[in-house]
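Subject: Structure for you to look at

Dear colleague,

I am passing on a structure that you have not worked with before, and below it I have written up what was found. Please have it open beside this message as you read.

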Amino acid sequence: MAQCVKVGIADMNIVSGDDSITTIGLGSCVGIAIRDTVKKIGGLVHIMLPDSKAVRSNASIAKFADTGIPELVKQLEAKGCVRRNMEAKIAGGAQMFAFQNKQELLSVGQRNIDATKAALASLGIPIKAEDCGLNHGRTVVFYPIDGRYEVKAVGQPVKTI
């Protein structure tokens, strides 16, 4: 029987077969789903911040785009996945609060999106779909067997990307 594995904030995990993987609370955070399209194995990392070098307490690898995404890829490769067969889908990076100051226009959500895209590009992993930005939180469910990434938000229809 298929399981749905939960990933917490600043956390990651990998599933295969008919299992799915989910995370809740993607406000300014980004959920990065990566799968090997041949092996049908995939994982999800829930990043909170773009750059581990900008924070003193950075022991949590999954908390940051620059460390969490490469670690997820490393763990997938340890399961026999091949990078050239990998693809990604991303969701989150919302602007959850309104700011008055122009310096704050590039919110943490947008910085997370930008850092996520940069990390995936540096690893040579294409982004096949995204549901990012705007001003609402998201819950996601990823199915590595076929690549479906369901995005749920309050007051919004469920999207499958």
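In which element does Thr116 have its place? Thr116 sits in helix 2, which covers residues 108-123, and please bear in mind throughout that this is a predicted model. With a relative accessibility of 0%, Thr116 counts as buried, because the cut-off for that class is under 20%. Setting aside neighbours within four places in sequence, the residues in contact with Thr116 are Val30, Ile32, Ile47, Ala65, Ile69 and Ile90. Of these, Ile32 is 84 residues away from Thr116 in sequence, while the two C-alpha atoms are 7.8 Å apart in space. Thr116 also has a polar link within its own part of the chain, where a polar side-chain atom of Thr116 lies 2.8 Å from the backbone oxygen of Asn112.

The sheet comes next. It is an open sheet of five strands in the order 2-5-4-6-7, and the pairing is mixed. Its edges are formed by strand 2 (12-15) and strand 7 (127-132), each of which pairs on one side only, and from one strand to the next the twist averages 15°. Strand 6, residues 86-92, pairs with strand 7 in the parallel sense over five bridges, and Ala88 stands opposite Ile127 of strand 7.

Two helices lie across these strands. Helix 1 (residues 65-78) lies across strand 2, strand 4 (30-36), strand 5 (41-47) and strand 6, and runs at about 165° to strand 5. Helix 2, the element that holds Thr116, lies across strand 4, strand 5, strand 6 and strand 7, and its direction is at about 20° to strand 4.

Which residues have the most contacts inside the largest nonpolar core? That core has 25 residues, and the ones with the most contacts inside it are Ile32, Ile34, Val45, Ile69, Leu76 and Leu120. Two or more residues each are given to this core by strand 2, strand 4, strand 5, helix 1, strand 6 and helix 2. Ile32 can serve as an example, since apart from residues up to four places away in sequence, Ile32 touches a list of residues that includes Val45, Ile69, Leu72, Ile90, Thr116, Leu120 and Tyr149. Another core, of 15 residues, lies apart from the largest one, and among its members are Val5, Leu44, Val140 and Ile161.

Is His46, a residue of strand 5, buried or exposed? His46 has a relative accessible area of 0% and is therefore buried. The side chains of His46 and Thr23 are joined by a polar contact of 2.6 Å. Beyond its neighbours within four places in sequence, His46 is in contact with a number of residues, among them Val7, Ala10, Asp11, Thr23, Cys29, Val30 and Ala62.

Finally, two backbone angles deserve a look. Most residues other than glycine have a negative phi. Ala10, although not a glycine, has a positive phi of about 60°, and the same description, a positive phi of about 60° without being a glycine, applies to Leu134. Ala10 belongs to the loop between strand 1 (4-6) and strand 2, where its relative accessibility of 18% makes it count as buried. Leu134 is found in the loop between strand 7 and strand 8 (138-143), and with a relative accessible area of 57% Leu134 is exposed.

With best wishes

Conventions
Residues are numbered from 1 along each chain as its sequence is written. This is a predicted model: local features need pLDDT of at least 70, side-chain atom pairs count only at pLDDT 80 or more; totals for chains, interfaces and linings use all residues. Side-chain values use heavy atoms; hydrogens and water are left out. Helices (H or I, at least four residues) and strands (E, at least two) are DSSP runs, numbered from the N terminus. Buried means under 20% relative accessible area, exposed over 50%, partly exposed in between (1.4 Å probe, protein chains only). Contact means heavy atoms within 4.5 Å. A polar contact is a pair of N or O atoms within 3.5 Å; within protein, one must be able to donate a hydrogen and the other to accept it, and residues adjacent in sequence count only if both atoms are side-chain atoms. Two strands pair if DSSP finds at least two bridges between them. Axes are lines fitted to C-alpha atoms, for helices over the stretch in contact, and angles run from 0 to 180 degrees between N-to-C directions. A nonpolar core is a set of buried Ala, Val, Leu, Ile, Met, Phe, Trp, Tyr and Cys residues joined through side-chain atoms within 4.5 Å.
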